[in-house]
Amino acid sequence: VSPSLSILIYYDFGGIQDFLQSRTHEKKLFGILNTEPDSSWDNVYEACYQGYFQRPHEKWMSFKVSRGQFPTEAMEKSIAGWIITGSNSATYERKDWMLKLYELIRRIVARNGKQKLLGFCFGHQAIATALGGEVERMKNLEYDVMLLYKNRIYLKQEFLRTTYVKNSLGFKRLNLTRGIYLNQAHGDFVA
């Protein structure tokens with residue numbers, strides 16, 4: 001699945017509303033676990049996730065786990081909530097960085113809710129895999145993905161003001177104030 005689809009599609013593991021409502025106005029640190037190996041997507045993920053979730057009193061850090069950048073143990077324990085991004089990778093590939101990610105997920109979950117955890121696409125599949133679930137390739141796919149829904153979405157003003165959006169020729173061509181249609185698609189599923 002294209003990372004562009006993975007950015008804006010999520011599967012709600014643990015509750016996106018719970019993730020949002022649990023946040024107070026105290027200074028907190030949040031982490032993005034970037035699982036996309038293609039570095040050209042780094043700014044896209046940070047702009048999307050931070051543009052949507054970040055509040056003025058929060059600090060966010062991004063860790064490029066698919067390229068071996070993981071938080072230290074001290075940093076890991078200081079994070080209030082984690083987002084695991086989408087990826088072109090598949091959880092059943094069992095690459096070394098994935099195995100380390102699964103261990104990190106298990107440590108986060110073992111903290112019994114002291115840290116929030118939200119996975120989008122590959123991220124939710126990684127959570128399922130780390131906790132003993134199975135991820136499989138969808139069957140009867142056309143174009144290597146399965147179209148699930150077509151939705152009109154509206155982007156928040158914070159996202160539209162991010163540096164990535166302001167500097168992106170593709171975004172400049174769109175009238176984003178009227179919303180955009182997004183086809184939701186995926187090639188793998190949690191079995």
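A nonpolar core is a set of buried Ala, Val, Leu, Ile, Met, Phe, Trp, Tyr and Cys residues joined through side-chain atoms within 4.5 Å. Keep that in mind for the views below, and remember that this is a predicted model.

**View 1. The whole chain, before we zoom in.** Let's start with the overall picture: the chain has nine helices and eight strands. Of its 191 residues, 48% are buried. Now look at contacts whose partners have a separation of 6 or more: residues 24 or more positions apart account for 82% of them. On the outside, the chain exposes about 10,300 Å², and carbon and sulfur atoms supply 51% of that area.

**View 2. The largest nonpolar core, a set of 20 residues.** Which residues have the most contacts inside this core? They are Leu-33, Val-65, Trp-82, Ile-84, Leu-101, Ile-105 and Leu-117. Several elements give two or more residues here, namely β1, β3, α5 and α6. Helix α5 gives the most, with seven residues. There is also a second, separate core of 13 residues, and Trp-41, Trp-60, Ile-83 and Leu-118 are among its members.

**View 3. Strand β1, wrapped up by its surroundings.** Six of the six residues of β1 are buried, so this strand is largely enclosed by the rest of the structure. In a regular strand, side chains alternate between the two faces of the sheet. You can follow that pattern here: Lys-28, Phe-30 and Ile-32 point one way, while Leu-29, Gly-31 and Leu-33 point the other way. Yes, Lys-28 is on the buried list too!

**View 4. Strand β1 and its two partners.** Strands β1 and β2 pair in the parallel sense, with six bridges between them. Find Gly-31 and you'll see Met-61 of β2 standing opposite. Strand β1 also pairs with β3, again in the parallel sense, over four bridges. For this pairing, look for Ile-32, whose bridge partner in β3 is Ile-83.

**View 5. From β3 to β4 by way of a helix.** Strand β3 (residues 81-84) and strand β4 (residues 116-119) run parallel and are joined by four bridges. Trp-82 stands opposite Leu-117 of β4. How does the chain get from β3 to β4, and which hand does the crossover have? The chain goes through helix α5 (residues 96-110), making a β-α-β crossover that is right-handed. In the loop between α5 and β4 sits Asn-112. Asn-112 has a positive phi of about 55° although it is not a glycine. With a relative accessible area of 69%, Asn-112 is exposed.

**View 6. Aromatic rings that bring strands together.** The structure holds three aromatic pairs, and two of them are worth a stop here. Phe-30 and Trp-60 form a stacked pair, 5.1 Å centre to centre with 20° between the planes. Phe-30 belongs to strand β1 and Trp-60 to strand β2, so to speak a meeting of distant parts of the chain, 30 residues apart. Both Phe-30 and Trp-60 are buried. In the pair made by Phe-63 and Trp-82, the ring centres are 6.0 Å apart and the planes meet at 50°, so this pair is tilted. Phe-63 comes from β2 and Trp-82 from β3, 19 residues apart, and the pair links distant parts of the chain. Phe-63 and Trp-82 are both buried.

**View 7. Helix α6, with a loop on the way in.** Start at Cys-121, in the loop between β4 and α6. Is Cys-121 buried or exposed? Cys-121 is buried, with a relative accessible area of 1%. Cys-121 also has a positive phi, about 50°, although it is not a glycine. Then comes α6 itself, which is mostly covered: nine of its nine residues are buried. Among them are Phe-122, His-124, Gln-125 and Thr-129. After α6 comes Gly-132, with a positive phi near 100°.

**View 8. His-57, in the loop before β2.** His-57 is found in the loop between α3 and β2. The relative accessible area of His-57 is 17%, and the cut-off for buried is under 20%, so His-57 counts as buried. Now look for Lys-27: His-57 and Lys-27 are 30 residues apart in sequence, yet 5.5 Å apart in space, C-alpha to C-alpha.

Conventions: Residues are numbered from 1 along each chain as its sequence is written. This is a predicted model: local features need pLDDT of at least 70, side-chain atom pairs count only at pLDDT 80 or more; totals for chains, interfaces and linings use all residues. Side-chain values use heavy atoms; hydrogens and water are left out. Two strands pair if DSSP finds at least two bridges between them. A crossover is right-handed if, with the strands pointing away from the viewer, the path from the first strand over the helix to the second runs clockwise. Rings of Phe, Tyr and Trp (its six-membered ring) pair if their centres lie within 6.5 Å; planes under 30 degrees apart count as stacked, over 60 as edge-to-face and the rest as tilted. Buried means under 20% relative accessible area, exposed over 50%, partly exposed in between (1.4 Å probe, protein chains only). Contact means heavy atoms within 4.5 Å. Accessible areas come from the Shrake-Rupley method with a 1.4 Å probe; for residues, only the protein chains shown count as cover.
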